[in-house]
Each structure stands twice: as C-alpha cells, then as structure tokens.
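Visitor: I would like to go through this model step by step, with the reasoning behind each answer laid out.

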Amino acid sequence: MTQAVRLIRDVGLAPAEYAYAAVADVPVRAVWAAGACPLDAHGATVCPGDVAGQTHQVMRNLADALAAVGATLTDLVKTTVYVASTDRSDLVTAWKVYREHMDGHDVPSTLLGVAVLGYPDQLVEVEATAVLPLP
C-alpha cells in the first residue's frame, strides 16, 4: 500500500471485507479512473454471460489504466463495483474476483446491482479513485 493511503477498519461497526474509510494525507496527487469495462484491445466485450470472466478483464483493464499514471491497485482509496444483475449470487461472484485482484488491499467500496451497463453484453464495471504521494 502506498504511503499516501491509510485504511480505517476498526470503527465499532460490523466486520466487513473492506475498510470503512480511507485517509489520504495531503499533499497527494489524485487519480480518478473512468469505469473499467470488460473490453479487449479491439473494444469487444469479453466473456458474454460470464460475470467472473468479465470481472477479471475489468480488473486487468483498471490495473493498466492506473499503470499509465504510475499507480497500482494498492493506490486505490475508493471503488464502486457495478454488476448488471438482480441475482445476488452474481454480485458475490464479481466481488470475489475483485477481491482476488485487490490482493488484501481492502479499500472502501460499494457493490451495486444495476439494470444495465453501457456496452453490449456488459455485466461488470469498476470505477475507482487513487492517490499517490507527490514526487
């Protein structure tokens, strides 16, 4: 985890698989990532109908977008995970894959079931904010 991010977990609330808050002591460089989508290098949606497969691609794409600005998944301070489904098991599937890629960096996050996402056959999207120490 970057020195710019401090995760707050023990706040007297129910145990959760994520921190309840994140603190970034200024000065920092903030990074807002567009929603990462399950698209391949040609812009095609990968793994139609497969929540887990799409979530893997989303997380790889998010990591690549962050790398372009010198950040990694451990620099994230907040994420929102969108799953186009009304079936809670699909949300759980996406969450498990998301957590696998986060490798213990349990930033504050919101997990939502939504009606539809922007690309044809898209089931998963992850939006994120990161902070980096100033050089």
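The questions below concern one histidine, a cavity and a sheet, all in a predicted model.

Visitor: Is H105 buried or exposed?
Guide: H105 lies in the loop between α2 (88-102) and β5 (109-113). Burial is assigned under 20% relative accessible area, and because H105 has a relative accessibility of 7%, the residue counts as buried.

Visitor: Which backbone oxygen does the side chain of H105 reach at 2.9 Å?
Guide: Two backbone oxygens come into question here. That of T74 lies 3.1 Å from a polar atom of the H105 side chain, whereas the oxygen that the side chain reaches at 2.9 Å belongs to L76.

Visitor: Which element gives the most residues to the lining of the largest cavity?
Guide: The count comes to one cavity of 30 Å³ or more, and the volume of the largest cavity is about 60 Å³. Its lining includes H105 together with W95, Y98, R99 and M102, and by character the lining residues divide into five nonpolar, three polar and three charged. With four residues, the element that gives the most to this lining is α2.

Visitor: Which strands stand at the edges of the open sheet of four strands?
Guide: The strand order is β3-β6-β4-β5, and the pairing is mixed. Each edge strand has a single partner, so one of its sides is left without a neighbour in the sheet, and the strands in this position are β3 (28-36) and β5.

Visitor: What is the bridge partner of T79 in β6?
Guide: Strand β4 (residues 76-83) runs antiparallel to strand β6 (residues 124-133), and seven bridges join them. For T79, the bridge partner in β6 is A128.

Methods. Residues numbered from 1 in each chain as written. Predicted model: local features only at pLDDT ≥ 70, side-chain atom pairs only at ≥ 80, totals over all residues. Heavy atoms only, no water. Helix = DSSP H or I, 4+ residues; strand = E, 2+ residues; numbered from the N terminus. Buried < 20%, exposed > 50% of the residue type's maximum accessible area, 1.4 Å probe, protein only. Polar contact = N/O pair within 3.5 Å; in protein donor to acceptor, adjacent residues only side chain to side chain. 1 Å grid on protein atoms, 1.4 Å probe; cavity = no way out; pocket = protein on both sides within 12 Å on 5 of 7 lines; lining within 4 Å. Points joined across faces, edges and corners; volume = space filled by probe spheres on them. Nonpolar A, V, L, I, M, F, W, Y, C, P; charged D, E, K, R; others polar. Pairing = 2+ DSSP bridges.
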